[in-house]
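Subject: A structure for you to explore

Hi there,

Here is the structure I promised to pass on. Have a look at it first, and then read on for what I found in it.

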Protein chains: 2
Amino acid sequence: MPMQEIHYDQYFAQVMRVMASRGLFLTSQTRDGRVNSMIMGWGMIGSVWGRPVWTILVRPSRYTYGLIEQMGDFTISVPGPDLEKACRICGSKSGRDHDKLAEAGLRTVHAKKVQSPVIADCIIHYECRVLHKSDLEPTALIQSIVAGSYPSGDFHRTYWGEIAAAYADTDRLNELKV
Amino acid sequence: MPMQEIHYDQYFAQVMRVMASRGLFLTSQTRDGRVNSMIMGWGMIGSVWGRPVWTILVRPSRYTYGLIEQMGDFTISVPGPDLEKACRICGSKSGRDHDKLAEAGLRTVHAKKVQSPVIADCIIHYECRVLHKSDLEPTALIQSIVAGSYPSGDFHRTYWGEIAAAYADTDRLNELKV
């Protein structure tokens, strides 16, 4: 795993395409180190307050929500096509009653800057520390999105995570096609 | 101006670097067509609700705030180094008491999908329609950011704009160095 540091804005198109297809691993853990990973399909990268930021959206009903609330950090790992099946497993079960990582055959690796680990064998990793959180404002969201994405409420909370570290397995970047 | 349609996730690194140096033009207009452009240094691009999104931050004290509130759309134009001086002018005056575009020698071009125009002679343009807006939550923002960026309050409102069109002067992309 010859990981190389990358700038937060590199490989963006590749990351967005993976996010829109198999999804990205969003990993967090409990205070006593029990790790969970969900699949995220939506998110944004940019620069805010002069800092590189990943903004993610998590519904209050998700197991991940309580974990990030408690711990204040998370990681995002970008899987190659070899982890397609593991993505489906992590994307279809809840960490409340499943050890998803074990069921998906995934291993974790310690992060460099945050407490939550990253998912082994992924191609790009981001380690993020929560700078800010705020809830979507249902009355200020266009009606078609409310109807399409929130038929039963459960409006997302947004977590704005400073990208404390970003690195890639540069030998495998060609697996992330654009 | 041989503009070519681009995918929302292309040239991201270039756009982020320009945003962090001379800034990007954030353009909006009044109901009766008076155009204003401010310089933005912070923002995020991504995919949310299955749509390409630019999320921008505007302080309530800004002239632009009232314009986007009224009109519900905005454009973002990425300037080359030739517009450095125009950026400084637009970044240092308020559209409330200045016709900044005239003072900066800038022209506008009709947008394809939204009412707000784009700034002529820029290299990349995004046309955005507001899908959602929400305010930063001061109590859920780390203290060093509150102290550093909001000493007098005036916390940003975030506008989540669907990227309805994105296009570039592909002959000039080499002017946006990474």
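B:F25 stands opposite B:S77, a residue of strand 6 of chain B. Keep in mind that this is a predicted model, and let's start with the strands around that pair. Strand 2 of chain B (residues 24-29) runs antiparallel to strand 6 of chain B, and 3 bridges join the two. Strand 6 of chain B is also joined to strand 9 of chain B, this time by 6 bridges and again in antiparallel fashion. If you would like a pair to look for there, B:V78 stands opposite B:I124 in strand 9.

Is strand 6 of chain B mostly covered or mostly open? It covers residues 73-78, and 6 of its 6 residues are buried. In a regular strand, side chains alternate between the two faces of the sheet. You can follow both faces here: B:D73, B:T75 and B:S77 are buried on one side, and B:F74, B:I76 and B:V78 are buried on the other.

For a contrast, try B:A147, which lies in helix 5 of chain B. This residue counts as exposed because it has 9 C-beta neighbours inside 10 Å, and the cut-off for exposed is 12 or fewer. B:A147 and B:L24 are 123 residues apart in sequence, and their C-alpha atoms are 25 Å apart in space.

Now for the place where the chains meet. Chain A and chain B each bring 29 residues to the contact. On the chain B side, at least two residues each come from helix 1 (12-20), strand 4 (43-48), strand 5 (51-58), strand 9 (124-135) and helix 5 (143-149). Which element gives the largest share of that side? Strand 4 of chain B does, with 6 residues. Sorted by class, the side of chain B that touches chain A has 18 nonpolar, 8 polar and 3 charged residues.

Strand 4 also pairs across the two chains: 5 bridges join strand 4 of chain A (residues 43-48) to strand 4 of chain B, and the two run antiparallel. One pair to find on your screen is A:G46 with its bridge partner B:M44.

How are the two copies related? A rotation of 180°, with 0.0 Å of shift along its axis, superposes chain B on chain A with an RMSD of 0.0 Å. The two copies are therefore related as by a two-fold rotation axis. The copies meet through the same surface, because 100% of the interface residues of chain B are also interface residues in chain A.

Finally, a few words on chain A as a whole. Chain A has 5 helices and 10 strands, and its C-alpha trace spans about 45 × 40 × 30 Å along the principal axes. Its radius of gyration is 16 Å, which agrees with the value near 16 Å for a compact globule of 178 residues. Of those 178 residues, 44% count as buried. Among contacts in chain A between residues at least 6 apart in sequence, 73% join residues at least 24 apart.

As for confidence, chain A averages a pLDDT of 96, and 99% of its residues score at least 70. The model scores ipTM 0.96 and pTM 0.97.

Enjoy exploring, and write back with any questions!

Best wishes

Notes. Residues numbered from 1 in each chain as written. Chains lettered and ligands numbered in written order. Predicted model: local features only at pLDDT ≥ 70, side-chain atom pairs only at ≥ 80, totals over all residues. Contact = placed C-beta atoms within 7 Å. Helix = DSSP H or I, 4+ residues; strand = E, 2+ residues; numbered from the N terminus. Nonpolar A, V, L, I, M, F, W, Y, C, P; charged D, E, K, R; others polar. Pairing = 2+ DSSP bridges. pLDDT = per-residue confidence, 0-100. Rg over C-alpha atoms; globule rule 2.2 N^0.38 Å. Buried ≥ 20, exposed ≤ 12 C-beta atoms within 10 Å, placed from the backbone. Least-squares fit on C-alpha atoms with pLDDT ≥ 70 in both.
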